[in-house]
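Open the structure in a viewer and keep the sequence panel beside it. The stops below each give a selection and a note on what is found there.

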Amino acid sequence: MSKGKVHHDWILRRCCGSVAACILTLAVLVGFVALVIYLALHPSKPSFYLQDIQLRSIDLADPALSLDVQVTIASRNPNDRVGIYYKTLHAFTTYRDEPVTVPVSLPAIYQGHKDQSVWSPVMSGDSVPVAPYVADAMKQDIAAGYVLLHVKVDGRVKWKVGSWVSGGYHIFVNCPALLSASGGNAGGAFAMSATAGGKQAVTLKFTQPSYCTVDV
């Protein structure tokens, strides 16, 4: 191999190495700047609030549970300079940690600074299989005059600062919903009749709006 060819290959390797080093340095710099911005602004997680729940129907005659609910849940962005993208959100209802409705998708939205958003999904569960004790426990709770459900939201969010958008972060929301035979009619609460095993009818009301726990 001639000296000219060796010299040419050496220059080519040096150029490729320099280009790769520049690209790597630029990527590290961009990531560092994004991290500094994120840490400087330190976005606070959104707050969620269960405003209302309407238990339209419930069937406990089967070992499985069948129910139909509509909820109104609000979210507020507490940040002054950080927007929030809500991505791939799914809402469902549980009773004693057992899902009793099928997850439903919530519309993806962008929430600006200090903005508030409201969703009102309808969630249904037709003969949802549950642990054997769950249906009996709900019958006992209804007979006692109260039922504690939990409305949950699972999905991903992104932070937006100016034109910069972060990667996705997992968000999980848990909202307690206490239905009581003696509850007050607060916050658009409702009344309904539920039959426990076809033997007893009671009137349940959503007692009061409740704050939700939020993990991001």
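**Stop 1: a surface patch.** Select Leu26, Leu29 and Val30, which form a nonpolar patch on the surface. Together these three residues have about 290 Å² of accessible area. Bear in mind from here on that the model is predicted. Leu26 belongs to helix H1, which covers residues 3-41. With a relative accessible area of 53%, Leu26 is exposed, because exposed means over 50%.

**Stop 2: the whole chain.** Zoom out and colour by secondary structure. The protein has two helices and 15 strands. Of its 216 residues, 38% are buried. The accessible area comes to about 11,700 Å², and carbon and sulfur atoms supply 59% of that. Among contacts with a separation of 6 or more, 71% are between residues 24 or more positions apart.

**Stop 3: the nonpolar core.** In soluble globular proteins, nonpolar side chains tend to be buried together. Here the largest nonpolar core has 45 residues. Select Phe48, Leu50 and Met138, the residues with the most contacts inside this core. Then show the elements that each supply at least two of the core residues: strands S1 (47-59), S2 (65-76), S3 (83-95), S8 (122-128), S9 (146-161), S11 (169-180) and S13 (200-206), along with helix H2 (132-144). Which strand gives the most to this core? That is S9, with seven residues.

Stay on Met138 and display its surroundings. Leaving aside neighbours within four places in sequence, Met138 is in contact with Ile58, Leu60, Leu65, Tyr95, Val147 and Leu149.

**Stop 4: a threonine in strand S2.** Select Thr72, which is in strand S2. Is Thr72 buried or exposed? Its relative accessible area is 18%, so Thr72 is buried, the cut-off being under 20%. Beyond its neighbours within four places in sequence, Thr72 is in contact with Tyr49, Leu50, Gln51, Asp52, Val118, Trp119 and Ser120. One of these, Leu50, was selected at the previous stop as a residue with the most contacts inside the largest core.

**Stop 5: the disulfide.** Select Cys175 and Cys212 and show their side chains as sticks. The count of disulfides comes to one, and Cys175 and Cys212 form it, with their sulfur atoms 2.1 Å apart. The link is right-handed, with 105 degrees about the S-S bond. Cys175 is in strand S11, while Cys212 is in the loop between strand S14 (210-211) and strand S15 (213-215). The pair thus links distant parts of the chain, 37 residues apart. Both cysteines are buried.

**Stop 6: the salt bridges.** How many salt bridges does a search of the whole structure find? It finds two.

For one of them, select Arg96 and Asp141, whose closest N and O atoms are 3.4 Å apart. Arg96 lies in the loop between S3 and strand S4 (98-99) and Asp141 in helix H2, so this pair ties together parts that are 45 residues apart in sequence. Arg96 is partly exposed, with a relative accessible area of 43%, whereas Asp141 is buried at 7%.

For the other, select Lys114 and Asp80, whose side chains meet at 3.5 Å, N to O. Lys114 is in the loop between strand S6 (109-111) and strand S7 (116-119), and Asp80 is in the loop between S2 and S3. This pair also links distant parts of the chain, 34 residues apart. Asp80 is exposed, with a relative accessible area of 52%. Lys114 is partly exposed at 38%.

**Stop 7: positive phi.** Keep Lys114 selected and turn to the backbone. Phi of Lys114 is near 65 degrees, a positive value in a residue other than glycine. As noted for its salt bridge, Lys114 sits in the loop between S6 and S7.

Finish with Ser127. Ser127 is not a glycine either, yet has a positive phi of about 50 degrees. Where is Ser127 found? Ser127 is in strand S8, one of the elements that supply at least two residues to the largest core. Ser127 is partly exposed, with a relative accessible area of 39%.

Definitions and conventions:
Residues numbered from 1 in each chain as written. Predicted model: local features only at pLDDT ≥ 70, side-chain atom pairs only at ≥ 80, totals over all residues. Heavy atoms only, no water. Patch = residues over 30% accessible without salt bridge, like charges linked within 9 Å, V, L, I, M, F, W, Y side chains within 5 Å. Areas by Shrake-Rupley, 256 points an atom, 1.4 Å probe, with all protein chains shown as cover. Salt bridge = Lys/Arg side-chain N within 4 Å of Asp/Glu carboxyl O. Helix = DSSP H or I, 4+ residues; strand = E, 2+ residues; numbered from the N terminus. Buried < 20%, exposed > 50% of the residue type's maximum accessible area, 1.4 Å probe, protein only. Core = buried A, V, L, I, M, F, W, Y, C linked by side-chain atoms within 4.5 Å. Contact = heavy atoms within 4.5 Å. Disulfide = S-S within 2.5 Å.
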